[in-house]
Amino acid sequence: MERYDLVYRLYDEYDTTTLREYQEFVDIFPAVDSRVALEHWQDANDELEARKNEIRSDFAAGETFAEIAAHTTRDQAFTALDLEAKYGRAVNVLVLDVDETLRSAGGTDNEIPRETLHVLTEFHEAGIPIVICTGQTLENVKGFAIQGLGSEIVHSGDLSIVYEAGTGVFTPGHGADTKQLLYEDLDDEIRDVFDDVRSRILPDAPADLRRGCHLQGNEFNVTMKPNYETGSTQAREIIDEALVYVLELLADSVGTVAAFGSVEEGGDAENGDVELEGESITDWTHTFYASQDPEIRAVLESEGAYPDLDPDAVPGDLEAVLDRIDVAYYEADAAEIGSLELNKVVGVERALDVLDVADPFALVMGDSKSDLRVMRWAAENDAGIAAAPEHASRDTLEHVLDTDELVFDRGRSVDVLRTVYALNQLARLE
């Protein structure tokens, strides 16, 4: 209890609120070429150091407690104490989703806040590798990573990008291992299905989908995005329609490319007429994915496309193929197919291998089902802790609440990052 007593004393006896305000001002004060502004910054920095020196002189581990007080609130510090008591080790790698985690369309105007970027810089300077783990394309991620963190950090050799939810890994500064195209390891059958879907998804789409959606520029995954503001009513309606279309097109491709079933007499294999055991492959495919994901089932029901079939009766050969293909639905944001053999967990494991993180204890932050897979991997392997925004998917939020309750407000990922900063400070104490 000694550390708890020291933290109580720290926040009871010192004006930590003002101390944090000085620290934040000094950290994120904009770089301006102004003598007056620089003098103001210097005055603030001098006051910050004076206040820290009071703590440094009053505590045996004064530097540690001064940094905790300057960076974290009382609640964050005590959460860090609880985590240190539970796990007894520091976080040694950050695994971070981007959209609706580090940044939020509703909370940060889709920009990563400067204070968040600064804390990430502090972790980098402390030697903590960063793995950005996202469903976005590599070029998009590289662009905002360089803009936000700077080219030096991105190309430092201590940052890796797992993109398209695990189909590729980009770790600058590692020679032949810099870019790894994990989808090249898939067998021809699955790759042919994806190639067929990709080649037809826009040309074969109904006119309203072609107007209302665009195809994200992925290297492998096939993702339909709305031509409306994410989260809007129009985006929700068009993505619900796109999900049904994606499932139908996937069924067609599996039925023809993978050579399942037979074409109904007078029918057309490219128009959903392939049958298997007396039912169309489209209906079996809808049944399979509806049984896997209640959100997909709800969309199919609302769109009048939910078949009255027994999920346990899905033909085995078809199920064996569909078991390898992921269909993801992100409400009012995206409808996507990807490979279940190439998920964020596979990408993160490859990134950690390249970064030489042999015994990971990660902070995993995310909001979606794909992030939940990484969180569960970390929990099952005693390899980290999980955090999620309060608007995360239901299953993701339940997992976080059942573990360490690291839930943060929309756009406030920095709060958890600061908690982990304090955890790492405490873990270094003897």
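In what order do the strands of the open sheet with mixed pairing stand? The legends below address this point and the surroundings of two sheets. The model is predicted, so local features need pLDDT of at least 70 and side-chain atom pairs count only at pLDDT 80 or more, while totals for chains, interfaces and linings use all residues. Residues are numbered from 1 along each chain as its sequence is written, and side-chain values use heavy atoms, with hydrogens and water left out.

**View 1. The open sheet with mixed pairing.** Its 8 strands follow the order 5-4-3-2-1-13-14-15. Strands (E, at least two residues) and helices (H or I, at least four) are DSSP runs numbered from the N terminus; two strands pair if DSSP finds at least two bridges between them. Strand 5 (179–181) and strand 15 (406–408) are the edge strands, each pairing on one side only.

**View 2. Strands 14 and 15.** Strand 14 (residues 384–389) pairs with strand 15 in the parallel sense over 3 bridges. Ala 387 stands opposite Leu 406 in strand 15.

**View 3. Helix 18 on the mixed sheet.** Helix 18 (residues 413–427) packs on the sheet and touches strand 1, strand 13 (362–365), strand 14 and strand 15. Contact means heavy atoms within 4.5 Å.

**View 4. The open antiparallel sheet.** Here 4 strands take the order 6-7-12-11. Strand 6 (213–215) and strand 11 (325–330) stand at the edges with a single partner strand each, so one side of each is left without a neighbour in the sheet. Strand 7 (residues 222–226) and strand 12 (residues 334–339) run antiparallel and are joined by 3 bridges; Met 224 stands opposite Ala 335 in strand 12.

Note on methods. Axes fitted to C-alpha atoms, helices over the stretch in contact; angles between N-to-C directions.
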